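Dear colleague,

Please find below the structure that I am handing over to you, with a summary of what was found in it.

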Amino acid sequence: MDKRQGVMGDGLFQRVEELIKVAVLLPKGMSDQEVEGLLRLLPPDTSRSMRALLSPRFRDVSLDFIRMIGGWVKEAREAREEGRKVVLVPFNFPPEIIYLFRNAVPLTSEVLTTLGVSVLEGQGERYWDYAMGLGIPDFLCSSSTIELGSVLTGRDFEPDIIVQSAPGACDANSKIHEFVSLHMGIPQVILEKPTDTGPRGKELHGRYFMGFLRRLEELIGEELEEERMKEVLEEANRAAELYYELYDLRKFSPCPVPNIFSIFTYGTRFTRWGRPEGTRMMRAMVDLSKRRLESGEYPAPEEVARCMWLYIGYYFDFLGFFNWMEERGITYLNDILSLCQPRFVDTSSRESMLQGLAEACFEYPMTRQMGASSMSLAWIEDMCGFITDLRADCAIYSGHHACKQTWSIINQVRREILKRTGAPVLCLQGDSWIRRMTPTSVLQEEIESFVENVVRRRRRRAGRGA
Ligand code: SF4
């Protein structure tokens, strides 16, 4: 029997799917006692993540998120059964492009990895180890290699098509997608970004984008229809409006937006953008943050640090990361992924929609900075703008293991940020999806000592209390 028709083993997708089928049944309004009882039934790694998600501060919004992701996973399974195409995309690609097709659904490698790492017992270690056992170098990015390692076992859900949109921005990401495509015989469609960010580069990228769409149309067996495009992109525009409302709410101090909403924001952006489910999720986050703003609810006695994460965060311990910081008054304002600054696409014609989508790909987080003519300049300018706009008083670089391009310029970025905005920068080291690299306790010690010895002292000197 064809594996793509449903023979599964113990792959990441299938294990996440089984778990999420149960999680979506959790009702809203559960008491703390009921949650505690439930957590005791779960294996330790799963229980820890669920404890973070089911914090009473944002429990019902987490349940909305779980349902949204559950629907996304279920839709991929059903698409396979109905003969529609499942398209695996990386997180630097707008999923609404796949929703333009009636006969295709997107799955995002890095979202699957993050789900596996956050909710499965043993996290994503067995899939990473499998990939390493094949001789794949450990400098590829765990964000995609964990999910793709699972696909490589031949015992997991396999996509029908692989989209590669990291060439020009991140080789670590593009090479593992390419390898899986060639090794497993899954067709790939490549969208490359020229490093010329001027008008000539944009014009060339526009041509690449049109060629990319034509190839996608051939593989999916469907031509894009203007009416469907309009429907999807108007929905995406509604989600974008809510995105900017949430962004503005982060400007208040203490910040009324829970730290974990950063990952919910890109969890939504990378899976359900252009679908009503994504818009509803954005609305749920805005509504809760507004309520917190009005009631003055904040989980710590005071906000001691407003922290911009310069690139990405850590995803193997939500409880010890997002919740831990928030309970100490350390606000996780945003990171490069949640700063996706979605564009409003002009839906007045087919041409305007295609142009808007090409621009969205060109300016997508990571691609925008690491695929720029000057990586350091693009990154510095974006981050300085956000630090000033969101009134961050410090910044942290997670020093993700695979991110060699960011490592190569972090010293320069750090110096410039301090010079231009006055925000000190902490450089950490660790893998964002693998706990074995740097454990949470070490990261917590570093963050705590930075906030205590640098951020608070500077605040006191500036006469801002804390
Ligand atoms: S986190 Fe770094 S290494 Fe991983 S995909 Fe993004 S740019 Fe590439």
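**Helix packing, core and a buried aspartate**

In this predicted model, the axes of helix α4 (residues 59-82) and helix α12 (residues 261-269) come within 11 Å of each other and cross at roughly 25°. Because angles under 35 degrees count as roughly parallel, α4 and α12 are therefore described as roughly parallel to each other. Their crossing is left-handed. On the α4 side the contact is formed by Val61, Ser62, Phe65, Met68 and Ile69, and on the α12 side by Phe261, Ile263, Phe264, Gly267 and Thr268. By class, this contact of α4 with α12 comprises 7 nonpolar and 3 polar residues, with no charged residues.

Phe264 also appears in the description of the largest nonpolar core, which has 161 residues. Phe264 is listed there among the residues with the most contacts inside the core, together with Leu216, Met308, Trp309, Leu310 and Trp379. The element that gives the most to this core is helix α11 (residues 226-249), with 11 residues.

For Leu310, leaving aside residues up to four places away in sequence, the residues touched are Ile336, Trp379, Met383, Ile387, Ala395, Ile396, Tyr397, Ile410, Val413, Ile417 and Val425.

One charged residue also deserves mention: Asp382, which lies in helix α17 (residues 375-389). Is Asp382 buried or exposed? Its relative accessible area is 11%; since buried means under 20%, Asp382 is buried. Asp382 touches Arg368 and Gln369, again not counting residues up to four places away in sequence.

Yours sincerely

Technical notes. Residues are numbered from 1 along each chain as its sequence is written. This is a predicted model: local features need pLDDT of at least 70, side-chain atom pairs count only at pLDDT 80 or more; totals for chains, interfaces and linings use all residues. Side-chain values use heavy atoms; hydrogens and water are left out. A nonpolar core is a set of buried Ala, Val, Leu, Ile, Met, Phe, Trp, Tyr and Cys residues joined through side-chain atoms within 4.5 Å. Buried means under 20% relative accessible area, exposed over 50%, partly exposed in between (1.4 Å probe, protein chains only). Helices (H or I, at least four residues) and strands (E, at least two) are DSSP runs, numbered from the N terminus. Contact means heavy atoms within 4.5 Å. Axes are lines fitted to C-alpha atoms, for helices over the stretch in contact, and angles run from 0 to 180 degrees between N-to-C directions. Angles under 35 degrees count as roughly parallel, over 145 as roughly antiparallel, 65 to 115 as roughly perpendicular and the rest as oblique. A crossing is left-handed if the near helix is turned anticlockwise from the far one by less than a right angle, and right-handed if clockwise.
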